Amino acid sequence: MLKERLDKTKETIASSCKKVGRDTNEVELIAVSKTWGVETLKEAYDLGCRVFGENKVQELVQKHAALPKDIRWHMIGHLQRNKVKDVIDKVELIHSVDSVRLAKTIEQEAQKKERIVNILVEVNVAGEESKFGVSPEELPQVVREIAAFPHIRIQGLMTIAPFVENSEENRQIFADLRKLSVDIAEKSIDNVCMDILSMGMTNDYPVAVEEGATLVRVGTGIFGSRDYTKDGVTEK
Ligand SMILES: *Cc1c(COP(=O)(O)O)cnc(C)c1O
């Protein structure tokens, strides 16, 4: 089952790339493994998955300890400042930096551990009240302020699009995020690179790829429906 879904997801990414003349290698698939136990992740690992996305610090830390060291972990969920110290030395990328305050904590902890931390700035493109992320209006200023932190590298932008029945409804959101990233890249701010666009989930990643996503975050499409009554750590 997992293999079929994974193959199907990769094929879909390839056909979306083809449709708009992109090279498939420009798009990396993140297997969003939240709520799934290490056995399931190991299965995905054995099928070739090396990039996993988690949205809870504790879950990420425990899975990181239990699974092979060549896995690249991505923190994709809202990050509390008091948990920053637990993850910054375990993740390749934090997708969800949504304030200068959070970035400042990352800077302080990164300095203590003598590391450089790669991040994306999360943008609330649709302006949904229930969502985290900086507004498109505040984005340039937030990027400038975070860029001043020497232990942080901004690598691009991330957005979580609204849940919609028809993924075409999110096309403009993805196009808008891409436009924001181009606008910032043009400002050539020191310490800021806009190579990564993290956008698209199970319901809308084909559209996101057509609009320029370089990272897609797919959970259900690979693993099936999540069971939130399990915590993803203790599952046998
Ligand atoms: C859970 C999650 C995903 C994956 O969602 P699916 O709809 O299962 O693909 C992607 N991004 C974030 C930030 C998530 O929390």
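Which pocket is the space taken by the ligand? The space taken by the ligand is the largest pocket, a pocket being an open set of points on a 1 Å grid over the protein atoms alone, where a 1.4 Å probe fits, with protein on both sides within 12 Å along at least five of seven lines. The model is predicted, with local features requiring pLDDT of at least 70 and side-chain atom pairs pLDDT 80 or more, while totals for chains, interfaces and linings use all residues. Residues are numbered from 1 along each chain, and side-chain values use heavy atoms, without hydrogens or water.

Residues surrounding the ligand (a heavy atom within 4 Å) include Val32, Lys34, Ile76, Ile160, Met201, Arg217, Val218 and Gly219. Polar side-chain atoms of Thr202 and Thr220 lie 2.4 Å and 2.6 Å, respectively, from an oxygen atom of the ligand. For Arg226, a side-chain N or O atom is 2.7 Å from a ligand oxygen. The protein buries 91% of the 390 Å² that the ligand exposes when taken alone (Shrake-Rupley method, 1.4 Å probe).

The largest nonpolar core (buried nonpolar residues, under 20% relative accessible area with a 1.4 Å probe, joined through side-chain atoms within 4.5 Å) has 66 residues, of which Ile94, Ile106, Ile119, Val121 and Ile146 touch the most other members. A second, separate core of seven residues includes Ile30, Leu93, Met158 and Leu215.

Terms used. Buried < 20%, exposed > 50% of the residue type's maximum accessible area, 1.4 Å probe, protein only. Polar contact = N/O pair within 3.5 Å; in protein donor to acceptor, adjacent residues only side chain to side chain. 1 Å grid on protein atoms, 1.4 Å probe; cavity = no way out; pocket = protein on both sides within 12 Å on 5 of 7 lines; lining within 4 Å. Sits in = over half its atoms within 2 Å of the grid points.
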